[in-house]
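This report is written for a reader who is beginning to study protein structure. Please consult the sequence and the structure shown below while reading.

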2 protein chains.
Amino acid sequence: MTETRGLRIALASRPEGRPNPGNFRLEPIEIPQPGAGEVLLRVLYLSLDPYMRGRMSAAKSYAAPVEVDAVMEGGTVAEVITSNDPSLAPGDIVLSFSGWQTHAIAKAKHLTKLDPQLAPVSTALGVLGMPGFTAYAGLLTIGQPKPGETLVVAAATGPVGATVGQIARIKGARVVGIAGGEEKRRYMQETLGFDACLDHRDPEFVAQLKAACPNGVDIYFENVGGAVWDAVFPLLNTYARVPVCGLIAQYNATSLPAGPDRTPAIMRNVLTRSLTIRGFIQSEFISQRPAFLADMSTWIREGKVRYREDIVDGLENAPEAFIGLLEGKNFGKLLVKVA
Amino acid sequence: MTETRGLRIALASRPEGRPNPGNFRLEPIEIPQPGAGEVLLRVLYLSLDPYMRGRMSAAKSYAAPVEVDAVMEGGTVAEVITSNDPSLAPGDIVLSFSGWQTHAIAKAKHLTKLDPQLAPVSTALGVLGMPGFTAYAGLLTIGQPKPGETLVVAAATGPVGATVGQIARIKGARVVGIAGGEEKRRYMQETLGFDACLDHRDPEFVAQLKAACPNGVDIYFENVGGAVWDAVFPLLNTYARVPVCGLIAQYNATSLPAGPDRTPAIMRNVLTRSLTIRGFIQSEFISQRPAFLADMSTWIREGKVRYREDIVDGLENAPEAFIGLLEGKNFGKLLVKVA
């Protein structure tokens, strides 16, 4: 193989509100040569995740923004093409953070070698990767589900939400899943086996949620914000826990909603119901990674955790797929098949 | 002693916003006779605390509201007059929950006998009582101060705030205290020994707070809400903890403030800075009471925790004192000397 040219997608400009295709730029790259301790990678799968919307903006967040004209960041599964490090050989498949491009150089010590015999390598970007670990660590450490408690999770056919709901069921909780549209609702019911499965687009959603939570809500795993938060908040029980993992419904907002300012009402309820609201990023819980990999592999093997992938073909289609992700158009873990 | 008549203060009507004297009614009571296992108490001190504002309203909170025409609830220190239980004798001083009245019947098993040799009995309503325990449990369990961290606390000459600040200093944190007015500010500086002492009425307060927290804020012990919350929130560090103990600045509010609705901005910061916001009531941590009593007695004896009482004479003056409490007019733990 003597490829000398590849492709990448750079951030062309920062979006105002909803990203559009013009914020991205597909451009050729020269394939570089690895130095000592480095490898040349060919990207097989690129993971598209909601957090990337934050990286496109200049606002302060938990990670620095992508610079304009720089390659978009992202987790990837890649094949080693050339290796200048004894730990990896051509043909090895690795987990890397190579971004939105077909080829990349990486230090071998920053890569995790994957065993294609153990699980499909794409799962290293989903249920066995960052989204799965986000669900595991946030739910178990902050949510702390107990048998008989009620958990609500939205975006519940996505890689985080679906995993949260299934782990909560393993721990004995009653799970109310929320997703957009009848097809996703049916998938929750038939495949994920949640106790109640709701479509947030249903005009009766607020009443349906209340009816689905006759004993209130003990854990709300927050990954969407917006109207779902508004519907869940009044149902939270005393000592309820709210791990805040994402707020996809508000990532494209360009201004705050109209008043009144509900801050005092939220704080009043935090006080009178002894609520815990706790934001987190999975990296905080990195010491739990070995336990996660052991538990999750077992649960997948036993059929207790199911997962679904939504695979888009071709790097050039990544921008459109990502824009759709922010609107809930994906159905399962969104991946781009790059090579 | 053959008193046959006493006095009580009943809730005459529910306040709209700020309570006024007409919401209370001073009225005579017949002094009842204790039954088996009961004692007759003469109240010495009545504790006035912000939580009582919640009891005056019908809205759902962590405890049931006081019924209209019923006696106002409250913690008290009282003397046993007549005892029908072998565990208590006339003359004993006890901690009770007798409410806003001069005399009350109580089951002996619900009372805690106090030793006047160990500490002034009034402290059982303050630094060695519910407010002190609120500070101790909320700060240590939720706030978790570490050496070198910065803690901010408002109402910092009150029984909760002053104790929070002093315990945080014992644990090695840097303490920024906030109170209203120069006299309280000086008391924090000269007596409580906080590292920075601010007056929230100063027109430059927001800038002063920022200057007083050059390394941001790791713990904000929330007992006021309102403008202080607005000033502290932007300064919270990654992994900051916010024990929510009270919101006195908003207890008299009758409507939400004008917009925009800042809820999404709060949640965004909870997420991007991995904040913990956790409401609590001290009763949740009741198992820590023995440790609290041991630690706090030691700290008071060693001069590491100072306390200040603001004692109003006469039950008839309780309403006015309570109305003033909600506006920060007290200076130290507010008590009514009843007998």
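The report that follows describes a predicted model, beginning with domains and chains and ending with single residues.

## Domains of chain A

The domain assignment divides chain A into two domains, and each of them is given as two stretches of sequence. Domain 1 covers 5–123 + 308–337, while domain 2 covers 130–285 + 293–298. Taken over C-alpha atoms, the centres of domain 1 of chain A and domain 2 of chain A are 28 Å apart. Where the domains meet, 14 residues of domain 1 of chain A are in contact with twelve residues of domain 2 of chain A. The side that domain 1 of chain A contributes consists of four nonpolar, four polar and six charged residues.

## The contact between the chains

Chain A and chain B each give 34 residues to the contact. On the side of chain A that touches chain B, helix 7 (263–272) and strand 13 (276–279) of chain A are the elements that give two or more residues. Helix 7 of chain A provides the largest share of this side, with nine residues. By class, the side of chain A that touches chain B holds 18 nonpolar, ten polar and six charged residues.

## Packing of helices

Two packed helices are described by the angle between their axes and the distance between the axes. The table gives these values for three pairs of helices.

| Pair of helices | Angle between axes | Distance between axes |
|---|---|---|
| Helix 2 (130–143) and helix 3 (159–170) of chain A | roughly 45° | within 8 Å |
| Helix 2 (130–143) and helix 3 (159–170) of chain B | roughly 45° | within 8 Å |
| Helix 2 and helix 8 (289–301) of chain A | about 105° | 10 Å |

How are helix 2 of chain A and helix 3 of chain A oriented to each other? They are oblique, because an angle of roughly 45° is neither under 35 degrees nor in the range of 65 to 115 that counts as roughly perpendicular. The crossing of helix 2 of chain A and helix 3 of chain A is right-handed. Helix 2 of chain A takes part in this contact through A:Pro131, A:Gly132, A:Thr134, A:Ala135, A:Tyr136 and A:Leu139, and helix 3 of chain A through A:Pro159, A:Val160, A:Thr163, A:Val164, A:Ile167 and A:Ala168. Nine of the residues in the contact of helix 2 of chain A with helix 3 of chain A are nonpolar, three are polar and none is charged.

In chain B, helix 2 and helix 3 are likewise oblique to each other, and their crossing is right-handed. Among the residues that meet here are B:Tyr136 and B:Leu139 in helix 2 of chain B and B:Ile167 and B:Ala168 in helix 3 of chain B. This contact of helix 2 of chain B with helix 3 of chain B is made up of nine nonpolar, three polar and no charged residues.

Helix 2 of chain A also packs with helix 8 of chain A at an angle of about 105°. These two helices of chain A are therefore roughly perpendicular. A:Gly132, A:Phe133, A:Tyr136 and A:Ala137 of helix 2 of chain A form the contact with A:Arg289, A:Phe292 and A:Met296 of helix 8 of chain A. The contact of helix 2 of chain A with helix 8 of chain A comprises five nonpolar, one polar and one charged residues.

## Backbone features in the loops

Most residues other than glycine have a negative phi, and most peptide bonds are trans. Some positions in this model depart from these habits, as the next values show.

A:Ala155 has a positive phi, near 45°, and lies in the loop between strand 8 (150–153) and helix 3 of chain A. A:Ala155 counts as buried because 27 C-beta neighbours lie inside 10 Å. For B:Ala155, phi is also positive and near 45°. B:Ala155 lies in the loop between strand 8 (150–153) and helix 3 of chain B, and with 27 other C-beta atoms within 10 Å it is buried.

The peptide bond from A:Gly259 to A:Pro260 is cis, with omega near 5°. A:Pro260 belongs to the loop between strand 12 (236–244) and helix 7 of chain A. In chain B, a cis peptide bond with omega of about 5° joins B:Gly259 and B:Pro260.

## An exposed residue of chain B

Is B:Ala89 buried or exposed? B:Ala89 counts as exposed, because 11 C-beta neighbours lie inside 10 Å. B:Ala89 is placed in the loop between strand 4 (76–83) and strand 5 (93–96) of chain B. Residues up to four places away in sequence aside, B:Ala89 touches B:Val80 and B:Ser83.

Methods. Residues are numbered from 1 along each chain as its sequence is written. Chains are lettered from A and ligands numbered from 1 in the order in which they are written. This is a predicted model: local features need pLDDT of at least 70, side-chain atom pairs count only at pLDDT 80 or more; totals for chains, interfaces and linings use all residues. Domain bounds come from an automatic or database domain assignment. Two residues are in contact if their C-beta atoms, placed from the backbone, lie within 7 Å. Ala, Val, Leu, Ile, Met, Phe, Trp, Tyr, Cys and Pro count as nonpolar, Asp, Glu, Lys and Arg as charged, and the others, Gly among them, as polar. Helices (H or I, at least four residues) and strands (E, at least two) are DSSP runs, numbered from the N terminus. A residue is buried if 20 or more other C-beta atoms lie within 10 Å of its own, exposed if 12 or fewer, and partly exposed in between; C-beta atoms are placed from the backbone. Axes are lines fitted to C-alpha atoms, for helices over the stretch in contact, and angles run from 0 to 180 degrees between N-to-C directions. Angles under 35 degrees count as roughly parallel, over 145 as roughly antiparallel, 65 to 115 as roughly perpendicular and the rest as oblique. A crossing is left-handed if the near helix is turned anticlockwise from the far one by less than a right angle, and right-handed if clockwise.
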